[in-house]
Amino acid sequence: MINFWQQKQGRFVKVQKEEIDSQSALWVDARNVSREETVLLQQEYQIEQEHILDILDPDELSRIEEGDSGYILTIVRVPVYDHSADTPYFTVPIGIITKGKAVITICWTDSEVIRDFGENRIRNVRLNDFPSFIVQILNRANLNFLRYLKEINRRSTSIQTEMRLEIENNEILQLLGLEKSLVYFATSLKSNSLLLQKMKSTKLIKFDEDDLDFVEGVSIDNRQAIEMADTYSNILFGVMDAFSSVTSNNLNVVMKKLAVINLVMMAPTLVTSFFGMNFKLPFENLAGYIPVIIATVICLVSVVISWFLLSINRNSVKERRYSRREKRKLRQERKRLLKQEKKLVF
């Protein structure tokens with residue numbers, strides 16, 4: 001889908017292709033582009049096919065370079081949230097092409113960063129100042145990175161609380177998805193950081209003094225997001241290792257109990273298997289219920305011995321128990337967080 005935007009009185013207004021004012025700056029917004037639309041952009045604005053393929057590559061890193069036909073290509077990675085995906089938080093590249101009085105943004109999917117510009121949620125945007133417009137996109141991407149990182153931290157905390165009650169495969173897979181999201185975020189943020197450094201030193205884009213101060217502020221936000229992503233990644237890695245150790249320890253405790261029960265029951269099993277049909281039972285000549293009483297006493301002794309052996313290290317394997325009210329409260333808190341995350345769906 002290709003939309004055309006121009007600024008009127010500081011606000012973006014969608015215009016038809018036939019109504020474009022050739023004297024004003026133009027923003028060509030191409031999101032969820034199809035093959036036919038990419039071919040149309042390539043022919044109309046003389047964009048190299050190699051650059052189109054790079055923009056549509058989900059793994060393309062941030063960079064800036066000049067095209068053969070006189071345009072400047074800047075690729076920026078921005079965060080995206082999709083609650084239905086296995087990895088709900090990931091990043092996508094956005095290609096920003098400046099040529100003449102037009103700036104073209106191309107993305108293979110929808111993006112909240114670009115949508116915020118079209119909905120006029122960002123202040124002090126100057127479309128006629130292309131360097132400032134590119135830095136505004138980077139700044140908005142940093143803000144979304146920080147917001148999504150906080151959402152990831154809240155969601156992982158909620159999952160950890162539920163895992164204290166009972167560890168299930170679904171919760172482990174959710175933590176794994178959040179762990180992958182943090183890795184994607186850290187990689188993309190570091191790529192954007194290198195892009196900002198190159199933009200300040202390259203001659204392809206000329207910044208004035210105000211723009212340079214803005215770039216420095218965006219760089220500071222970028223470094224803060226990188227530190228947050230690294231911190232949350234280290235915490236989540238430690239949590240995954242801790243729950244793995246807990247699961248292994250619980251398995252060892254269960255195996256120890258089964259081994260004790262097996263050893264205690266081995267003696268009665270040996271005796272009963274020894275006296276088969278070809279042997280006379282030792283208590284068959286006793287009168288009344290004496291054989292039954294003796295067998296019952298032996299069984300009780302076995303039970304007492306089992307209970308004693310299993311309760312030796314009882315204090316070392318105590319588990320935290322929650323009341324039904326506390327469990328219900330935790331589940332309600334988890335549902336509330338999930339509802340907040342669904343509001344981020346595009």
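## A friendly first look at this chain

Of the chain's 346 residues, 42% count as buried, where buried means under 20% relative accessible area, exposed means over 50%, and partly exposed lies in between (1.4 Å probe, protein chains only). This is a predicted model, in which local features need pLDDT of at least 70 and side-chain atom pairs count only at pLDDT 80 or more, while totals for chains, interfaces and linings use all residues. Residues are numbered from 1 along each chain as its sequence is written, and side-chain values use heavy atoms, with hydrogens and water left out.

1. **Overall make-up.** The chain has eight helices and seven strands. These are DSSP runs numbered from the N terminus, with helices (H or I) of at least four residues and strands (E) of at least two. Contacts, meaning heavy atoms within 4.5 Å, often link distant parts of the sequence: among those with a separation of 6 or more, 65% are between residues 24 or more positions apart.

2. **The surface as a whole.** About 20,800 Å² of the chain is exposed, and carbon and sulfur atoms supply 54% of that area. Accessible areas come from the Shrake-Rupley method with a 1.4 Å probe, and for residues only the protein chains shown count as cover.

3. **A nonpolar patch.** Leu 251, Val 254, Met 255, Leu 258, Ile 261 and Met 265 make a nonpolar surface patch of about 550 Å². Patches are built from residues with over 30% relative accessible area and no salt bridge, joining like charges within 9 Å and nonpolar side chains (Val, Leu, Ile, Met, Phe, Trp, Tyr) within 5 Å. One member, Met 255, lies in helix H6. Met 255 counts as partly exposed because its relative accessible area is 48%.

4. **A negative patch.** Asp 208, Glu 209, Asp 210 and Asp 213 form a negative surface patch. For this purpose Asp and Glu are negative and Lys and Arg positive, with His and the chain ends not counted; the place of a charge is taken as NZ of Lys, CZ of Arg, CG of Asp or CD of Glu. Asp 208 sits in the loop between helix H5 (169-201) and helix H6 (209-274). With a relative accessibility of 36%, Asp 208 is partly exposed.

5. **Salt bridges around Arg 63.** Side chains of opposite charge can pair when their charged atoms come close. Searching the whole structure gives 15 salt bridges, each being a side-chain nitrogen of Lys or Arg within 4 Å of a carboxyl oxygen of Asp or Glu. Arg 63 pairs with Asp 54 at 2.7 Å, N to O, and with Glu 60 at 2.2 Å, N to O. Are these partners buried or exposed? Asp 54 and Arg 63 are both buried. Arg 63 earns that label because its relative accessibility is 18%, and Glu 60 is likewise buried because its value is 15%.

6. **A salt-bridge network.** Asp 110 and Arg 115 form another salt bridge, with their closest N and O atoms 3.1 Å apart. Both Asp 110 and Arg 115 are buried. Through shared partners, salt bridges join Asp 29, Arg 31, Asp 110 and Arg 115 into one network.

7. **Asn 32 and its neighbours.** Where is Asn 32 found? Asn 32 is in the loop between strand E3 (26-31) and helix H1 (35-44). Although not a glycine, Asn 32 has a positive phi of about 50°. Its relative accessible area of 41% is why Asn 32 counts as partly exposed. Leaving aside residues up to four places away in sequence, Asn 32 touches Met 1, Glu 37, Cys 107, Trp 108, Thr 109 and Asp 110. Cys 107 is 75 residues from Asn 32 along the chain, yet their C-alpha atoms are separated by 6.4 Å.

8. **Two exposed loop residues.** Gln 9 belongs to the loop between strand E1 (2-8) and strand E2 (11-15). Gln 9 has a positive phi of about 60° although it is not a glycine, and it is exposed, with a relative accessible area of 84%. Gly 100 lies in the loop between strand E6 (89-99) and strand E7 (102-107). Gly 100 counts as exposed because its relative accessible area is 69%. From C-alpha to C-alpha, Gly 100 and Ala 25 are 8.7 Å apart in space, while 75 residues apart in sequence.
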